Amino acid sequence: MAQSFLTIQQVDKSFTRGSMTNEVLKDISLDVEQGEFISIIGHSGCGKSTLLNIVAGLTRATKGVVFLEGAVVDEPGPDRAVVFQNHSLLPWLTAYENVALAVDKVFARTKSKAERHDWTMRQIELVNMAHAKDRRPSEISGGMKQRIGIARALAMQPKVLLLDEPFGALDALTRTHLQDQVMQIQAELNNTVLMITHDVDEAVLLSDRIVMMTNGPSARIGEILEVPLERPRKRLELVSDRNYIAARAEVLKFLYERHRFVEAA
Ligand SMILES: Nc1ncnc2c1ncn2[C@@H]1O[C@H](COP(=O)(O)OP(=O)(O)OP(=O)(O)O)[C@@H](O)[C@H]1O
């Protein structure tokens, strides 16, 4: 059988401290095709970041395996770029230098200095940040920092882009703006994306499929919803689109009826 671009195969993850074992993920399997945009949604603490970290190679699965283009993932690598909720830019470097650092690391041998500069600028332009390229992180807004974080991730030309609530810390308007930008970039570059979100509208708007996780401990994939919406997608038109409304309702029902979050006593 042909293997998918990215395969998560029967992954379990538990964390052990002393005699206590916390079984976080149980039997997670997912096949992702090249160019797919997948959102992972589930209540707080169910193990979404843990799953993303396993794909990133930052955390080892207790059982099971992840394959990327047929190769086992067992360590971090530039073929999987991660963008976290809070930017992780180096404060003493400008926006340009933060992106250039990643470019130099990945393309030191394959691109000339001039090519690396052009490539860095291209990524900065993709996220509309050319005007602020010489500013340091402390001199730009949260949304701008996230844009540079995304540019830095894209600059590595990763096979998979891993987004861990990339817009979670932003105000609603900035968030809307960045979601549109990510959709545009996705249309242009056809990246394969795994994105964690808590935002149902964001998941429906951006994704080809939404992976809904059950509550932990031993969280599993409860359901996977295909989002039957043509691209390009326009948020204002979608508001009254029957498929959009139905997809949104499906995710909300999963989260708030079938797998309601019950705070531990
Ligand atoms: N390094 C670690 N050591 C021990 N336990 C951990 C570790 N990382 C995560 N956990 C535990 O695993 C569980 C899942 O955490 P995780 O951050 O993956 O959930 P999440 O779904 O991403 O949560 P949120 O939506 O709140 O960000 C939690 O109980 C957490 O305490």
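Begin with the shell around the ligand in this predicted model: its residues divide into seven polar, three nonpolar and one charged. To display the shell, select Phe15, Asn22, Val24, Gly42, Ser44, Gly45, Cys46, Gly47, Lys48, Ser49 and Thr50. Two elements, strand S2 (20-32) and helix H1 (48-56), each give two or more residues to this shell. Colour H1 separately, since the most comes from this helix, with three residues.

Next, select residues 6-240. UniProt, in an unreviewed entry, lists this range as "domain: ABC transporter". Across residues 6-240 the chain is 34% helix and 27% strand. A distance drawn between the C-alpha atoms at the two ends of the range should read 34 Å.

Then move to helix H8 (242-258) and continue into the segment after the helix, where Phe261 is found. Is Phe261 buried or exposed? Phe261 counts as exposed, because 12 C-beta neighbours lie inside 10 Å and a residue with 12 or fewer is placed in that class.

Keep Phe261 selected and add His43 and Asn215. Phe261 touches both of these residues, when residues up to four places away in sequence are not counted.

For the last stop, add Tyr244 and draw a C-alpha to C-alpha distance to Phe261. Tyr244 and Phe261 are 17 residues apart in sequence, and in space the separation is 24 Å.

Conventions
Residues are numbered from 1 along each chain as its sequence is written. This is a predicted model: local features need pLDDT of at least 70, side-chain atom pairs count only at pLDDT 80 or more; totals for chains, interfaces and linings use all residues. UniProt positions are given in the numbering used here, feature names are shortened, and annotations may be inferred rather than shown by experiment. Helices (H or I, at least four residues) and strands (E, at least two) are DSSP runs, numbered from the N terminus. A residue is buried if 20 or more other C-beta atoms lie within 10 Å of its own, exposed if 12 or fewer, and partly exposed in between; C-beta atoms are placed from the backbone. Two residues are in contact if their C-beta atoms, placed from the backbone, lie within 7 Å. A residue is near a molecule or strand if its C-beta atom, placed from the backbone, lies within 6 Å of it. Ala, Val, Leu, Ile, Met, Phe, Trp, Tyr, Cys and Pro count as nonpolar, Asp, Glu, Lys and Arg as charged, and the others, Gly among them, as polar.
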